[in-house]
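Q: I am a first-year student, and I would like a close look at one part of this protein. Please take me slowly through one helix and its surroundings, and then show me how that part fits into the whole.

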Amino acid sequence: MGANVKEKAKGVKVILFEQVNKIYDNGFHALKDINLSIGQGEFIAIIGLSGAGKSTLIRTINRMHNITDGRLFVNDVDVNSLKGKKLRSFRRGIGMIFQSFNLVTRTTVLKNVLTAKVPDLPVWRTVLGIFPKKDYIDALEALEKVGILDKAYSRVDQLSGGQQQRVALARTLAQNPRIILADEPVASLDPVTAKQVMQDFKKINKEMNITVLINIHHVELALQYADRVIGIKNGSIVFDGSSSEVSTEVLNDIYGGRLEEAV
Ligand SMILES: Nc1ncnc2c1ncn2[C@@H]1O[C@H](COP(=O)(O)OP(=O)(O)OP(=O)(O)O)[C@@H](O)[C@H]1O
């Protein structure tokens with residue numbers, strides 16, 4: 001591990017950024033000299049103004065975005081060196097949750113969760129929609145973990161936004177990930193449902209020791225549920241510490257004095 005990386009991570013280190021920069025093709029410098037070390041089982045909220053670089057940061061971890069320079073390791077694998085089959089299998093080990101759920105709404109909850117198994121199955125099984133018994137058990141267990149087992153045979157478009165986000169979470173769990181990246185997972189939910197979904201994340205984090213990184217605009221939720229907060233401003237990390245260390249001063253720095261708009 002590089003000596004210049006802040007030792008904030010607890011437990012076994014699973015994600016390591018060393019002097020990472022990301023410059024988009026249009027020349028925009030979105031991540032600047034990022035040094036970060038993240039341990040297995042941490043629950044981290046990434047906060048910052050719109051356009052600060054939060055999505056770019058988490059999307060480099062599963063190589064949805066390539067970094068421009070520096071080094072990025074996940075479980076000691078140099079992420080930038082991955083290609084083809086190895087890259088696809090690496091991505092499957094990392095769950096990704098989006099604000100928009102990304103579900104097939106005109107089919108059942110169970111079928112959506114089972115799609116997590118598709119990459120591992122022979123084509124004939126996926127074409128016929130025939131999954132091994134173990135896959136059904138995994139999918140039903142994942143639904144149970146997020147409290148919507150009773151909805152397994154409901155169509156997704158009959159569910160509320162919060163329930164749909166839980167289906168997305170169950171689909172990710174059925175992939176058996178060690179890391180979950182969530183990009184604004186509660187942004188389109190009402191405050192009560194947003195809390196319930198944050199509780200789901202916390203539960204799977206604690207019970208399954210899955211590392212969770214969440215980009216989030218709701219500062220109060222970030223402080224309530226995350227153990228560690230990373231503040232990003234103009235592509236740089238300006239705060240990295242425990243939620244209890246996040247003071248008004250820290251928030252004013254992260255949000256450039258526009259704190260009232262953030263909380
Ligand atoms: N494909 C792209 N090409 C060029 N610039 C981009 C691209 N994607 C993002 N950016 C720019 O990079 C910066 C960081 O974007 P990013 O989406 O990471 O911010 P964010 O903090 O997640 O914002 P939000 O909270 O609004 O989602 C923004 O200025 C954005 O316009």
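A: When an angle between two helices is given, each axis is a line fitted to the C-alpha atoms over the stretch in contact, and the angle runs from 0 to 180 degrees between the N-to-C directions. With that in mind, and remembering that this is a predicted model, we can look closely at helix H6, which spans residues 161-174.

We begin with the partner that follows H6 in the chain, helix H7 (residues 191-208), which packs against H6 at an angle of about 15 degrees, with the two axes 9 Å apart. Angles under 35 degrees count as roughly parallel, and H6 and H7 are therefore roughly parallel to each other. The crossing in which H6 passes H7 is right-handed. On the H6 side the contact is made by Gly161, Gly162, Gln165, Arg166, Leu169 and Leu173, while H7 contributes Thr193, Gln196, Val197, Asp200 and Ile204. Sorted by class, the residues of this contact comprise four nonpolar, five polar and two charged ones. It helps to recall that an α-helix has 3.6 residues a turn, so residues three or four places apart point the same way.

The other partner to consider is helix H5 (residues 133-145), whose axis comes within 8 Å of that of H6 and crosses it at roughly 135 degrees. H5 and H6 are therefore oblique to each other, and their crossing is right-handed. Here Asp138, Ala139, Ala142, Leu143 and Lys145 of H5 meet Ala170, Leu173 and Ala174 of H6. This contact of H5 with H6 holds six nonpolar residues, no polar ones and two charged ones. Leu173 of H6 thus appears in the contact with H5 and also in the contact with H7.

From these two contacts we can step back to the interior of the protein. The largest nonpolar core has 70 residues, and those with the most contacts inside it are Ile46 and Val113. The largest share of this core, six residues, comes from H6. Ile46, leaving aside residues up to four places away in sequence, touches Lys54, Leu57, Ile58, Leu213, Ile214, Asn215, Ile230 and Ile232.

Several of those names lead us to helix H1 (residues 54-61), which is mostly covered, since seven of its eight residues are buried. Among the buried residues of H1 are Lys54, Leu57 and Ile58, and these also belong to the list of residues that Ile46 touches. After H1 comes Arg63, whose phi is positive, near 60 degrees. Most residues other than glycine have a negative phi. Another positive value belongs to Asn102, with a phi of about 55 degrees, and Asn102 sits in the loop between strand S6 (94-98) and helix H3 (109-114). Asn102 is exposed, because 12 other C-beta atoms lie within 10 Å.

Finally, we can place all this in the whole protein, which has ten helices and ten strands. Buried residues make up 40% of its 263 residues. Of the contacts between residues at least 6 apart in sequence, 69% join residues at least 24 apart. A separation along the chain can also go with a wide separation in space: the C-alpha atoms of Asp69 and Leu159, 90 residues apart along the chain, are separated by 43 Å. Asp69 is found in strand S4 (residues 69-74), and Asp69 counts as exposed because it has 11 C-beta neighbours inside 10 Å.

How values were computed. Residues are numbered from 1 along each chain as its sequence is written. This is a predicted model: local features need pLDDT of at least 70, side-chain atom pairs count only at pLDDT 80 or more; totals for chains, interfaces and linings use all residues. A nonpolar core is a set of buried Ala, Val, Leu, Ile, Met, Phe, Trp, Tyr and Cys residues joined through C-beta atoms within 7 Å. A residue is buried if 20 or more other C-beta atoms lie within 10 Å of its own, exposed if 12 or fewer, and partly exposed in between; C-beta atoms are placed from the backbone. Helices (H or I, at least four residues) and strands (E, at least two) are DSSP runs, numbered from the N terminus. Two residues are in contact if their C-beta atoms, placed from the backbone, lie within 7 Å. Angles under 35 degrees count as roughly parallel, over 145 as roughly antiparallel, 65 to 115 as roughly perpendicular and the rest as oblique. A crossing is left-handed if the near helix is turned anticlockwise from the far one by less than a right angle, and right-handed if clockwise. Ala, Val, Leu, Ile, Met, Phe, Trp, Tyr, Cys and Pro count as nonpolar, Asp, Glu, Lys and Arg as charged, and the others, Gly among them, as polar.
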